[in-house]
Each structure stands twice: as C-alpha cells, then as structure tokens.
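Q: I've got a model open and would like to learn how to read it feature by feature. Could you walk me through it?
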Amino acid sequence: MLSAALRRADMGLCRSLRTLLSYRLPLLMRIEQDQSHSATLCDTATVSVKPSHFLRTMTSGTAQTTINRSEVIDIEIALHGLPGCLRLPPNPRGVIVFAHGSGSSRNSARNAYVAEALRELGFATLVFDLLSEQEAENRADVFDIPLLAERTVSACKWASAANWTRGLPVGLFGASTGAAAALQAAAELGDQVSALVSRSGRPDFAAALEEVRMPTLLIVGGSDRDILGLNRAALAVLAGPKKLQIVPNATHRFSEPGTLDAVAAAAAEWFGHYCRQSEDKEERR
C-alpha cells in the first residue's frame with residue numbers, strides 16, 4: 001500500500017498533469033504496446049495539452065526557453081570533465097538524465113523544453129555534453145554508440161551519487177542517437193535505472209536490446225517512417241514493460257506545433273508512473 005506521503009505526491013503529479021493536458025489539440029495519437037504493459041491497449045487517443053507556466057514561456061516550434069537560473073546548477077561530470085546543467089525542483093521525486101542526439105549538446109533546445117516540463121512536474125533533470133568540443137568535431141566519435149553509452153552510464157552514476165540527487169530513482173531520456181546510447185547504458189545499469197523514454201530513437205544502433213528490462217517508452221513521429229519501422233522492430237525485442245507511442249504528422253525533430261508538447265506530456269506520464277522510490281517498485285509493475 002502506498003504511504004500517505006506517496007499518495008500526496010501522486011495527487012500532486014496528477015493535478016499537474018491535468019493542467020498540462022487540459023487544452024485540446026487536434027491531434028490523435030496511436031498507441032502500440034506490448035501486453036506486458038499494464039495500461040489499456042487502444043488504437044487512438046485524443047491528446048489534450050494545455051501550456052502550464054513553462055509552456056507559456058516556451059515556444060515548441062522553436063523550443064525557445066525562459067528558465068529561472070536560480071534553479072539550474074552548472075556541474076561537471078568527473079573523469080571526462082563533461083559540462084552539464086542540473087535543474088532542481090523543490091523536493092524532487094526522481095532525476096532524469098538526458099542523452100542528446102548527434103550534432104547536438106547540453107544546449108539542445110528541444111531537450112531543454114522537455115527537461116523544464118519534467119522539472120515543473122517534480123523531477124530533477126540533468127542535461128550534459130556526451131562529448132568534449134574536440135570529440136564533437138570527429139564524426140566517428142559522434143556515432144560511437146559504445147562511447148556515448150559509457151558517458152551516459154557515467155552521468156547516471158554521477159546523478160546517483162551527487163548530494164542534490166543521491167538516493168532518487170533515475171530515469172533516462174534519449175533523443176536520436178542519444179536514445180541508442182541510453183538504451184545501451186540501460187542494459188548495463190540494469191535496475192539502477194527505473195524507466196527510459198526515447199524520442200525519435202535509433203534503437204538499431206544499440207547493442208543488447210534484449211537486456212533492457214526497465215519500462216521503456218518509444219516516441220516516434222508518424223511522418224518519420226524509417227525511424228518508426230526501426231522502433232517497431234525494437235519493441236519486439238525489449239524485455240520489460242514497453243510501449244510505442246506515435247505522434248501523427250510529427251517529423252524526426254518534432255518541430256511541428258504541439259508535437260513537442262505531446263512528447264513532454266507522454267514522458268511526464270511515463271516517468272510519473274515508473275520512476276518512483278524502490279519501496280514502491282511492486283506497485284509500478
């Protein structure tokens with residue numbers, strides 16, 4: 001049975017999600033999921049998204065952000081000296097580590113957009129550079145998934161040990177090739193990661209997909225047909241609770257109006273359900 005504190009936290013998350021999802025968009029979202037997932041299988045669902053405060057100060061088309069800098073801590077991940085930004089809400093319920101795609105960095109506007117949405121819903125978020133400036137100029141490093149996965153593992157371990165986030169459940173959010181790195185890192189970390197969300201991911205680049213057992217949400221744009229096919233194939237291989245969520249008319253970068261809002265809302269729901277303290281692990285299943 002959930003403790004009274006957990007119930008209050010869940011009620012708070014539900015209220016925040018209702019705010020986030022109360023403005024209707026003309027958007028249908030097809031959901032494909034494995035029977036191992038506890039949610040009800042459905043062919044279509046109407047997505048409703050209402051901009052909360054963070055959405056009123058951010059524009060999803062260009063992913064411009066207005067962020068309170070007092071809630072952002074500039075950090076450096078040891079060993080590789082990779083810079084990052086830790087966004088902290090009051091009393092965080094978990095920490096979500098972001099792995100950016102090729103040609104991007106910790107300054108990814110789209111990742112910052114989703115990260116701020118999650119922070120407003122009670123999650124600390126860590127965005128960081130997977131590569132040094134010199135490495136980022138080398139195309140071989142940009143697509144070196146084992147290297148990127150190693151860096152993602154280091155970031156997750158940093159988040160687990162840092163004073164601000166020690167003891168919190170860890171989630172992973174990966175975009176494009178960063179999703180491949182997140183999946184490969186998750187296979188290595190096992191139950192040290194509570195949940196994973198992939199946006200426009202390249203799961204075909206990741207090794208050991210069958211060893212990814214934590215709840216995994218694959219979000220793909222309906223117009224991103226090649227990537228959609230790759231994610232369908234990955235869904236059949238993933239071992240844990242899993243879901244493929246398709247955002248109609250969205251392309252690879254989710255630059256169409258409202259589509260990045262749908263990503264933020266889906267990620268918030270997934271992490272809200274699965275990224276909980278270990279004492280509630282059985283309830284999540």
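Q: Let's start small: in which strand does Ser 198 lie?
A: Ser 198 lies in strand 8. Strands here are DSSP runs of E, at least two residues long, while helices are runs of H or I of at least four, both numbered from the N terminus. Before going on, keep in mind that this is a predicted model, where local features need pLDDT of at least 70, side-chain atom pairs count only at pLDDT 80 or more, and totals for chains, interfaces and linings use all residues. Residues are numbered from 1 along each chain as its sequence is written, and side-chain values use heavy atoms, with hydrogens and water left out.

Q: Is Ser 198 buried or exposed?
A: Buried means under 20% relative accessible area, exposed means over 50%, and partly exposed is in between, using a 1.4 Å probe and protein chains only. Ser 198 counts as buried because its relative accessibility is 1%.

Q: And which residues does Ser 198 touch?
A: A contact means heavy atoms within 4.5 Å. Leaving out residues up to four places away in sequence, Ser 198 touches Gly 174, Ala 179, Leu 217, Leu 218, Ile 219 and Asn 231.

Q: Zooming out, how many helices and strands does the protein have?
A: There are 10 helices and 10 strands. Of the 285 residues, 55% count as buried. Take the contacts with a separation of 6 or more: 71% of them come from residues 24 or more positions apart.

Q: How do I check a helix, say helix 7, against its expected span?
A: The expected span is 1.5 Å times one less than the number of residues. Helix 7 covers residues 177-189, so its 13 residues should span 18 Å, and its end C-alpha atoms are indeed 18 Å apart. Right after helix 7 comes Gly 190, with a positive phi near 60°.

Q: What does helix 7 pack against?
A: Helix 7 is mostly covered, with 12 of its 13 residues buried. Its buried residues pack against strand 5 (94-99), helix 6 (145-161), strand 7 (170-175), strand 8 (195-199) and strand 9 (216-221).

Q: How many residues of helix 3 are buried?
A: In helix 3, 10 of the 12 residues are buried, so the helix is largely enclosed by the rest of the structure. The buried ones include Arg 110, Asn 111, Tyr 113, Glu 116 and Arg 119. As for its span, the 12 residues (109-120) should cover 16 Å, and the end C-alpha atoms are 17 Å apart, which agrees. Helix 3 is followed by Gly 122, which has a positive phi near 105°.

Q: Which residues have the most contacts inside the largest nonpolar core?
A: In soluble globular proteins, nonpolar side chains tend to be buried together. A nonpolar core is a set of buried Ala, Val, Leu, Ile, Met, Phe, Trp, Tyr and Cys residues joined through side-chain atoms within 4.5 Å. The largest one here has 49 residues, and those with the most contacts inside it are Val 97, Trp 158 and Leu 172. Apart from it lies another core of 29 residues, among them Val 72, Cys 85, Ala 250 and Ala 267.

Q: Where is Ile 77, and what does Ile 77 touch?
A: Ile 77 sits in strand 3 (residues 72-77). With a relative accessible area of 2%, Ile 77 is buried. Beyond four places in sequence, Ile 77 touches Leu 82, Phe 128, Ser 154, Ala 155 and Trp 158. Ile 77 and Ala 155 are 78 residues apart in sequence, yet 6.6 Å apart in space, C-alpha to C-alpha.

Q: How many disulfides does the search find?
A: A disulfide is a pair of cysteine sulfur atoms within 2.5 Å. The search of the whole structure finds 0. Cys 85 is buried at 12% relative accessibility, and Cys 156 is buried at 3%.

Q: Which ring does Arg 202 lie over?
A: A charge sits over a ring if NZ of Lys or CZ of Arg is within 6 Å of the ring centre and within 35 degrees of the ring normal. Arg 202 lies over the face of Phe 205, at 4.1 Å from the ring centre.

Q: Last one: where is Asn 249, and is Asn 249 buried or exposed?
A: Asn 249 lies in the loop between strand 10 (242-247) and helix 9 (259-274). At 59% relative accessibility, Asn 249 counts as exposed. Asn 249 also has a positive phi of about 70°, although it is not a glycine.
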